[in-house]
Amino acid sequence: MTAFPAGILRIALPVNLRRLFDYLPPKHLAEGKLSPGVRVRIPFGRGNREVIGVLISVEFSSDVPVDKLRPASEIIDSVPVFPDTILQLVKWMAGYYHHPIGDTLVQALPALLRQGYDLAKEVHEFWQPAAQLDTQAEQALDRARAPRQQEAWQIIKQHPTGISVEALKSMGFDRTLLKNLSQRGLIESTERAADFRLFHDHSPLLKASPFVLNQEQARALEAITCDQQFSTTLLHGVTGSGKTEVYLQAIAHTLAHGKQALVLIPEIGLTPQTMGRFQERFNVPVVVLHSGLTDRERLNGWLAAKRGEAGIVISTRSGIFTPLYAPGIIIVDEEHDLSYKQQDSVRYSARDLALYRGRLENIPVVLGTATPSLETLHNSNTHRYRYLHLQVRAGNAVPPKLMLVDTRRQPLQGGLTPDSLIAIRETLQQGQQVLIFLNRRGYAPTITCDNCGWLIECPNCDAHLTLHRTPLHLHCHHCDYQQGIPNHCPNCQSPELSPVGQGTERTEEVIEGLFAKGRNKVDVMRIDRDSMRKKHAFQEMVDKVHKGEPAILIGTQMLAKGHHFPAVTLVVIVNADAGFFSADFRGSEKTGQLILQVAGRAGREKIPGRVLIQTSNPEHPQLQTLVQQGYDRFAADLLHERQSIGLPPFSNIALISAESPNAQPVEEFLNHSAQAAQGIIEANNFGGPEGVILIGPMPAPMEKRQGRLRWQLLLQAKNRKPLHNLLSCLLPFMEQNPLARKLRWSVDIDPQDMS
Ligand code: ADP
Ligand code: ZN
Ligand code: ZN
């Protein structure tokens with residue numbers, strides 16, 4: 001070991017190695033620039049290649065001899081891009097998820113910063129009243145009947161020194177509107193280094209007055225806001241019970257204390273509506289971060305949050321890393337949603353990180369949902385979380401009525417039974433809207449040979465090809481493989497091939513035939529990933545639905561979440577119960593949640609809603625419990641079952657997966673790993689009743705996907721500690737196995753998807 005009085009930089013690099021790298025400081029280093037969390041540009045490998053890393057610490061000794069250490073090229077930041085709490089959060093995450101720290105850190109940064117963008121160069125576009133302001137132009141605007149322009153002008157007028165384009169955008173004013181005002185000679189723009197208004201300088205904080213809360217909501221708000229310290233609350237409220245209203249008022253409270261709010265939501269599809277509700281309520285800038293943004297927009301949002309310009313940040317999963325100037329509260333809406341779990345690279349759960357972050361920043365964390373995940377419910381049952389229940393729907397709405405419809409021995413049209421069709425017709429006649437939920441896009445799940453029963457499969461996956469009508473082709477939903485329709489069966493040469501089962505396109509076709517013809521024709525809208533590909537398709541659909549005319553919406557789970565369609569009073573669920581028979585131990589839990597989420601779309605306003613659940617297993621006990629006794633009983637039964645067989649949340653699991661075009665190296669690699677794991681368990685006493693058990697190696701439920709053979713090794717343990725200790729010993733060993741370089745492998749802590 002050599003001592004370095006000037007200090008050495010211990011740096012995390014975005015490479016897939018579980019270690020840090022030592023460098024000397026750059027040759028011309030100004031004083032005082034070395035806080036952990038700054039980005040550093042360094043030479044790496046041979047030639048002139050440079051990479052960007054993050055400084056983790058300054059050390060005074062290294063395992064590497066002095067003449068082998070190279071100097072860093074440049075310290076990029078004068079202020080850490082990672083505030084201390086975010087750096088700690090990411091370090092914890094790398095440890096917990098057993099992922100290399102360097103690769104974990106870069107994922108927490110906006111792309112432009114990852115690429116080395118220099119924040120010192122940051123200049124901003126500001127808009128202010130024109131220097132040569134002409135009173136006639138203002139009078140012309142008064143006459144122009146352009147209310148949005150008027151609004152923007154009134155705001156800009158109050159900012160003689162300018163207001164940033166980001167702030168204006170967060171209030172819903174776009175560039176076209178600003179151009180119009182500038183053409184009228186009213187405003188002009190300047191570019192200058194950030195000089196902005198803190199969110200709490202916006203006064204008043206609220207734009208619209210809040211609802212008067214009902215008793216349950218008031219109690220929830222009181223509990224969440226009673227202290228400004230770390231606490232975890234499960235806000236369990238049936239759909240439409242006014243959880244969002246509670247969030248809004250809790251945020252108002254936080255803002256009034258000069259603190260910011262971070263709100264996580266599951267999906268981009270929800271953003272416009274959620275965003276709208278926040279903008280209508282608050283006067284402070286609201287930033288929305290999601291995957292549809294450009295890198296620049298993302299960076300702007302990140303900066304607005306970090307500098308304290310935005311009062312509220314609404315984001316999907318990766319927003320959990322957004323630094324806040326004055327953190328005040330974290331809200332995770334629809335906490336049970338699977339999209340919070342990243343399914344590749346670092347397989348983190350944003351919900352679980354939210355809890356850790358809340359602890360680090362000492363602020364309250366609220367997990368809201370109508371259908372809590374079993375993990376969260378268990379934590380609440382064991383008093384680790386505060387439990388708040390909203391049992392009645394807010395306003396005047398009453399809960400929808402759930403009914404099972406037996407599909408056996410029924411003539412089906414478009415997958416719908418005669419009873420369902422009657423209910424649809426009645427609903428339309430009463431001038432209301434219907435939602436048909438069918439979680440399969442395409443025309444039919446596959447095609448079959450009528451003569452020999454052959455079913456068409458994907459050449460790359462253990463899966464059938466889905467038949468699509470628009471345009472006509474066969475498509476694999478797992479690997480994107482596409483082909484035309486064969487004209488005869490490859491097995492028996494029979495030309496009699498026909499579609500099997502229902503997809504949204506097929507139901508749409510039948511429903512259009514039944515309801516979109518003649519004098520009383522109604523709008524039939526299909527909402528799935530295919531029909532929503534066009535840019536504004538979703539918004540157009542939402543606008544049309546909000547007109548409230550009789551209509552039928554046919555959609556996949558895109559429709560299930562969060563939307564508020566006031567005129568929908570009937571929901572028909574065509575095939576949701578298949579998940580009760582899934583091989584995944586979470587199948588029933590997820591299916592129950594999905595059914596209730598979809599059901600929650602019905603009757604959200606004055607007219608009560610009805611939900612018809614079509615099933616060929618009406619006597620299925622879990623389905624019966626769900627319909628007759630509701631989610632609480634359903635979830636309690638599932639928890640009981642998990643406990644009796646020792647599955648999460650009553651145990652911890654880690655899934656090691658490997659895949660390659662050939663099965664042999666995959667199996668061998670996992671066999672080596674299992675042997676090594678067994679050795680480590682025995683040597684360290686990690687086994688026993690509370691310890692780790694190995695299950696596998698075994699083929700994954702879908703053994704072949706995208707042309708690769710997939711195997712798994714499952715590690716399960718009652719206590720978390722031996723499991724994590726085992727992984728810490730095992731993973732470096734696996735990394736050194738020469739086979740590791742010939743295949744893809746990963747480790748998933750608390751896996752949600754075991755397929
Ligand atoms: P959730 O988020 O639980 O689904 P929302 O907050 O969206 O519920 O509330 C459902 C509907 O009830 C919304 O239209 C909302 O504006 C309205 N609402 C919520 N709280 C109240 C209240 N206290 N009084 C009247 N209407 C309310
Ligand atoms: Zn055949
Ligand atoms: Zn495929």
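For the classification of residues used here, Ala, Val, Leu, Ile, Met, Phe, Trp, Tyr, Cys and Pro count as nonpolar, Asp, Glu, Lys and Arg as charged, and the others, Gly among them, as polar. On this basis, the shell around ligand 1 in the predicted model has five nonpolar, nine polar and four charged residues.

The shell of ligand 1 comprises 18 residues, of which V212, Q217, K243, T244 and R277 come nearest. Helix α9, spanning residues 243-256, contributes three residues to this shell, the largest share. Polar contacts to oxygen atoms of ligand 1 involve both backbone and side-chain atoms of the protein, as the following cases show. A polar backbone atom of G242 is placed 2.9 Å from an oxygen atom of the ligand, and a backbone N or O atom of K243 likewise lies 2.9 Å from a ligand oxygen atom. From the side-chain groups, a polar atom of R277 is found 2.7 Å from an oxygen atom of ligand 1. Taken alone, ligand 1 exposes 560 Å², and 82% of that area is buried by the protein.

Two zinc ions are also present, modelled as ligand 2 and ligand 3. The zinc ion designated ligand 3 is coordinated by the SG atoms of C458, C461, C476 and C479, at distances of 2.2 to 2.3 Å. The arrangement is tetrahedral because the four donor atoms subtend angles of 101 to 115°, and the donor residues follow the sequence spacing C-x2-C-x14-C-x2-C. C458 belongs to the loop between β18 (446-449) and β19 (466-468), whereas C476 belongs to the loop between β20 (473-475) and β21 (482-483), so that the pair ties together parts lying 18 residues apart in sequence. With a relative accessibility of 4%, C458 counts as buried, because the threshold for that class is under 20% relative accessible area; C476, at 1%, also counts as buried.

The zinc ion designated ligand 2 is coordinated by C449, C452, C489 and C492, again through SG atoms, at 2.3 Å. Here the four donor atoms subtend angles of 102 to 116°, which makes this arrangement tetrahedral, and the donor residues are spaced C-x2-C-x36-C-x2-C in sequence. Distant parts of the chain are linked by the pair C449 and C489, the former in strand β18 and the latter in the loop between β21 and β22 (497-500), 40 residues apart. Both C449 and C489 are buried.

Conventions. Residues numbered from 1 in each chain as written. Chains lettered and ligands numbered in written order. Predicted model: local features only at pLDDT ≥ 70, side-chain atom pairs only at ≥ 80, totals over all residues. Heavy atoms only, no water. Near = heavy atom within 4 Å. Polar contact = N/O pair within 3.5 Å; in protein donor to acceptor, adjacent residues only side chain to side chain. Areas by Shrake-Rupley, 256 points an atom, 1.4 Å probe, with all protein chains shown as cover. Helix = DSSP H or I, 4+ residues; strand = E, 2+ residues; numbered from the N terminus. Donors = N, O, S within 2.8 Å, 3.2 Å for Na, K, Ca; no water. Tetrahedral: all angles 85-135°; square planar, octahedral: opposite > 155°, others 65-115°. Buried < 20%, exposed > 50% of the residue type's maximum accessible area, 1.4 Å probe, protein only.
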